[in-house]
Amino acid sequence: MKVGDHLSRPFITLISGLIALPGCTAVGPNLGQYSDSKYVPPEIVIVTPTIESASHSDIIDFEVNLTNAFDVNIDASQVFILDGGGGPCLIEVFDGTNLTQLKIRLVNCLGHGLVAIDVAGEQIKNLGGMSARPSNRSYGVWIRNGSICPDGYIPIPGNTEYGTSGGFCVMKYEARARDDATSQIVEFGCGGTGRHCSSIPQAISDWSVENPATPVSVARALPWRMITKVQAISECQSLNSELTADDIINDSNNDGTYDLITNDEWQTIARNIEVVASNWKEKLIGHVATGQGGSNDNRLNRGHTKSDSKFQILVASASVADREACIYTYAYYSQNWENAFCPGEGEGWHIQKRTHLLSNGYKIWDFSGNNFEYVRDSSLGSYGPSATIRELQLSTHSNELSLSGGLTSTARSAKDQFGPDLAYNDESHADIMGYGLGYANLDSNVGVDIIRGGSYSSTEYAGVFSVGLSSQPYKGSGNVGFRCVYRP
Ligand SMILES: [Ca+2]
Ligand SMILES: [Ca+2]
Ligand SMILES: [Ca+2]
């Protein structure tokens, strides 16, 4: 792939490129009077495609606008697919030598997920023979494989222990806000003007009440924050065709149900991630301390969990290409990688890798790290003191309690309510929290809000099982977001 060309650009350019508005481009030299100059390189802009999603039989056309180009000779070898699950696709180039009618078409995309493209610049030259820089990255188009899941959602295998045996669909990314008035994704996800949401008074819990928006699952832009759990439930449920709460939950129109993810659904996903070997550093599932086939360094990746003032690392957007799973992490900036791939064979692995693989082959972004995420439930009592997730298996956490607000109310121990399936017994594990599983903040006896997964600044406290109980509702938090599910 030709991804590195983009990622070697300055930071600010990359950010603006990923969230560029239709028709805009990441690099925009002011050509002005020099527009015919042989000293200004040509510019390639891939126009937003006219469709947002496609079936396997659909064609996807990307028009390409060229500026200051004199000689063009593009064929499929200069077009690169950024495969976010929707590929593979066949590439066709139309009018590859035409300065004004160049068009790129994708056909026979056979996956389920996003595809985007970019174009190399070597074969597009100005009057002086100077080559263009690589194009912008196109918007992603969702490819559907006939899945029962809505666009942007991925299927999750069920787990009878959590009452989800039929499976369900979940947002592949933390929810983004699509402005109802403009239909644009809200760039900072918080109604403010910065990554801190600092222009929003903390007293405002839900900026979207005044600025109505709809939750969508896309890679670009920052996740939806500055929202209460009550409003997050309302936003997810607003996607239903029914109007009353009872009708929504009962699915009276028999067209499935959108909702905020429950703790049972979170556990279904987290325990699925737990038993997929490639999510582990040593590609071995679970307890593989020294002498059992691995070393005591084996652990699950924690995602984007390390903020840093030097690199201005805070909450981040994602990539349409799942392969770029280390994008915008501390490791990515501090180690100055040529691209956003995590190191190693295959799709690579790093403790800050932002994707996890599910047993059905789908990938989910930021299930650990980036934003904390609400679940629907509230807690009703004390599970014991705060502890690492690994320690939830100990006798100090044997209380069995139920949660309220979800779809089931089964009483469980802390390990079964929030923790992994397997037992993790090696106390000398190299990971300070043990196996990258995360931390359980159980300080409050009764928690009105439960947040999972940790955030961009949680470091070792983050993990797919991490949990925080809060006795007060979160109001106007810049690091708490949410994720919707769809129950077919
Ligand atoms: Ca709304
Ligand atoms: Ca329904
Ligand atoms: Ca998250």
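# Report on a predicted protein model

Pro-88 lies in the loop between strand S5 (79-84) and strand S6 (90-94). The bond that joins Gly-87 to Pro-88 is a cis peptide bond, with omega about 5°. The model is predicted: local features need pLDDT of at least 70 and side-chain atom pairs count only at pLDDT 80 or more, whereas totals for chains, interfaces and linings use all residues. Residues are numbered from 1 along each chain as its sequence is written, while chains are lettered from A and ligands numbered from 1 in the order in which they are written.

The secondary structure comprises eight helices and 26 strands; these are DSSP runs numbered from the N terminus, helices (H or I) having at least four residues and strands (E) at least two. Of the 488 residues of the protein, 50% count as buried. A residue is buried when 20 or more other C-beta atoms, placed from the backbone, lie within 10 Å of its own, exposed when there are 12 or fewer, and partly exposed in between. Two residues are in contact if their C-beta atoms, placed from the backbone, lie within 7 Å. Among contacts between residues at least 6 apart in sequence, 68% join residues at least 24 apart.

**The nonpolar core and its sheet**

In soluble globular proteins, nonpolar side chains tend to be buried together. A nonpolar core is here a set of buried Ala, Val, Leu, Ile, Met, Phe, Trp, Tyr and Cys residues joined through C-beta atoms within 7 Å. The largest such core has 118 residues, and Val-115, Ile-117, Cys-169, Val-170 and Ala-440 have the most contacts inside it. Strand S8 (residues 113-119) supplies the largest share of this core, five residues. Domain 1 (4-23 + 37-143) and domain 2 (147-488) each contribute at least three residues to this core; the domain bounds come from an automatic or database assignment.

Leaving aside neighbours within four places in sequence, the contacts of Val-115 include Ile-81, Gly-87, Cys-89 and Val-141. In S10, Val-141 is also the bridge partner of Val-115. Three bridges join S8 to strand S10 (residues 141-143), and the two run antiparallel. Strands pair if DSSP finds at least two bridges between them. Four strands form an open sheet of mixed pairing, in the order S2-S10-S8-S5. Strand S2 (53-54) and S5 stand at the edges with a single partner strand each, so one side of each is left without a neighbour in the sheet.

**Helix H4**

In helix H4 (residues 229-237), the buried residues are Lys-229, Ala-232, Glu-235 and Cys-236. Seen down the axis of H4, these residues fall within an arc of 115°, so they line one face of the helix; the arc is that of the directions from the helix axis to the C-beta atoms. Among the elements that cover them are strand S14 (213-216), strand S15 (257-260) and strand S18 (372-375).

**Three loop residues**

The table gives the surroundings of three residues found in loops.

| Residue | Loop between | C-beta neighbours inside 10 Å |
|---|---|---|
| Asn-68 | S3 (60-67) and S4 (71-72) | 22, buried |
| Lys-283 | H6 (263-274) and H7 (330-334) | 16, partly exposed |
| Gln-393 | S20 (387-388) and S21 (403-404) | 20, buried |

Phi is positive at Asn-68, a residue other than glycine, with a value near 60°. Lys-283, likewise not glycine, has a positive phi near 55°. Leaving aside neighbours within four places in sequence, Gln-393 is in contact with Lys-415, Gly-419 and Ala-423. Gln-393 and Leu-422 are 29 residues apart in sequence and 9.4 Å apart in space, C-alpha to C-alpha.
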